[in-house]
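Thanks for coming. I will walk through one structure this morning, starting with strand pairing and ending with two helices.

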Amino acid sequence: MNYHQPVLAPEIINFFDPKPGQVYFDVTLGNGGHSLEILKKGAIVWGLDADPLNLKIAADRINDLGLSQNFHPLLGNFNRIFTIWKKEINQPLDGILADLGLSLNQQSGQSRGFSFKDTSSLDMRLNPKTQALTAEEIINTWDKDQLYQIFTKYTQEKLAKPLIFEIIKARQKKPIKNGAELSQIISSYYQKKHYSSYHQPATKIFLALRIAVNHEFENINRLLTALPKIVKSDGKVAIISFHSGEDRLVKQYLQKNNYLSKKFLPTHSEVKKNPLSRSAILRLYNLN
Ligand SMILES: C[S@@+](CC[C@H](N)C(=O)[O-])C[C@H]1O[C@@H](n2cnc3c(N)ncnc32)[C@H](O)[C@@H]1O
């Protein structure tokens, strides 16, 4: 399998400096790329993911590498991090990692609804068993004001109004059923207007839908405020965000609580090897 490549991994491992017996919590396990680097150093890792498919991919991968002895997979959402930690771990952590967003297999996979090319779904839920609202429901049933709210508030889409007009016009003819149909509606509008765009024209619309479906901003705020209760007083925190909305929340929290953090961006060579890393912003800080 083509695993998601962990972003800024040497910087994180260098900062954590994991030792045998230390306890780390990777709250966005993904395909386990960061976790397995911590496990290789002999530390204990608890790995959480809201997506059952990714949890299995990571657990199998770590098992195949013979690293499962110190690894504990957990299915769950980090918006309940304190409850999960209390029930399952209940000891102060040496470090915590949150690598926000989606892994490569989620972003590009068919039938998850995250991809512009997905011809079978516009779902976007991390866990369909625990979440009811889908992006398909939002795009086909929310009124223009509700859509405007998420497209402007979450991702500052400058063309929100005309794009909503196009979306509503299209859905009146027939429901928008998948990512490919939605991205086509947006691309057609760009073509009609002779607009060009550096990124895929539907990028901000898809991102706003994903944030709304998975309550991403609320989750990040809950995670950040729980950290001092579960990490050792001299413990370490690493957070990778992938767009300005996410990073703003992290930055504001750090400033408000007077944490001194170090910021890292991927090098050119990392971006060349792993284009998905291009928008990553890593913030590292100590709790004390
Ligand atoms: C960028 S990927 C992590 C990649 C991982 N570091 C690796 O090296 O493979 C983000 C992961 O976090 C998970 N995730 C996103 N939001 C979450 C949340 N609120 N609670 C738990 N997991 C979440 C996603 O399902 C995805 O698997």
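Strand 1 and strand 4, residues 93-99, pair in the parallel sense over three bridges. Within that pairing, Tyr-24 stands opposite Gly-95 of strand 4. Keep in mind that this is a predicted model.

Strand 1 has another partner. Strand 2, residues 44-49, runs parallel to strand 1, and four bridges join the two. Which residue of strand 2 is the bridge partner of Asp-26? That partner is Gly-47. Helix 2, residues 33-40, belongs with these two strands: strand 1, helix 2 and strand 2 make a right-handed β-α-β unit.

Now the faces of strand 1, which covers residues 23-26. Both faces are covered. Val-23 and Phe-25 are buried on one side, and Tyr-24 and Asp-26 are buried on the other.

Tyr-24 comes up again in the core. The largest nonpolar core has 49 residues, and Tyr-24, Val-27, Ile-96 and Leu-223 are those with the most contacts inside it. As background, nonpolar side chains in soluble globular proteins tend to be buried together. Take Leu-223: leaving aside neighbours within four places in sequence, it is in contact with Val-27, Phe-78, Ile-81 and Ala-98. There is also a second, separate core of 25 residues, which includes Leu-147, Ile-150, Ile-211 and Ala-212.

Leu-223 takes us to helix 11, where it is one of the buried residues. The others are Glu-216, Asn-219, Ile-220, Leu-224, Ala-226 and Leu-227. Helix 11 is made up of 15 residues, 216-230, and reaches 21 Å from its first C-alpha to its last, close to the 21 Å expected at 1.5 Å a residue. What covers its buried residues? The cover includes helix 4, strand 4, helix 10, strand 5 and helix 12. So strand 4, the parallel partner of strand 1, is also among the elements over helix 11.

Last, helix 9, residues 179-193. Its 15 residues should span 21 Å at 1.5 Å a residue, and the end C-alpha atoms are 22 Å apart, which agrees. Its buried residues are Gly-179, Leu-182, Ser-183 and Ile-186. Why do these count as being on the same side of helix 9? Because they cover an arc of only 95° around the axis. They pack against helix 6, helix 8 and helix 10. On the other side of helix 9, Gln-191 and Lys-192 are exposed. After helix 9 comes His-194, with a positive phi near 55°.

Terms used: Residues numbered from 1 in each chain as written. Predicted model: local features only at pLDDT ≥ 70, side-chain atom pairs only at ≥ 80, totals over all residues. Buried ≥ 20, exposed ≤ 12 C-beta atoms within 10 Å, placed from the backbone. Pairing = 2+ DSSP bridges. Right-handed = clockwise from strand over helix to strand, strands pointing away. Core = buried A, V, L, I, M, F, W, Y, C linked by C-beta atoms within 7 Å. Contact = placed C-beta atoms within 7 Å. Expected span 1.5 Å × (residues − 1). Arc of directions from axis to C-beta.
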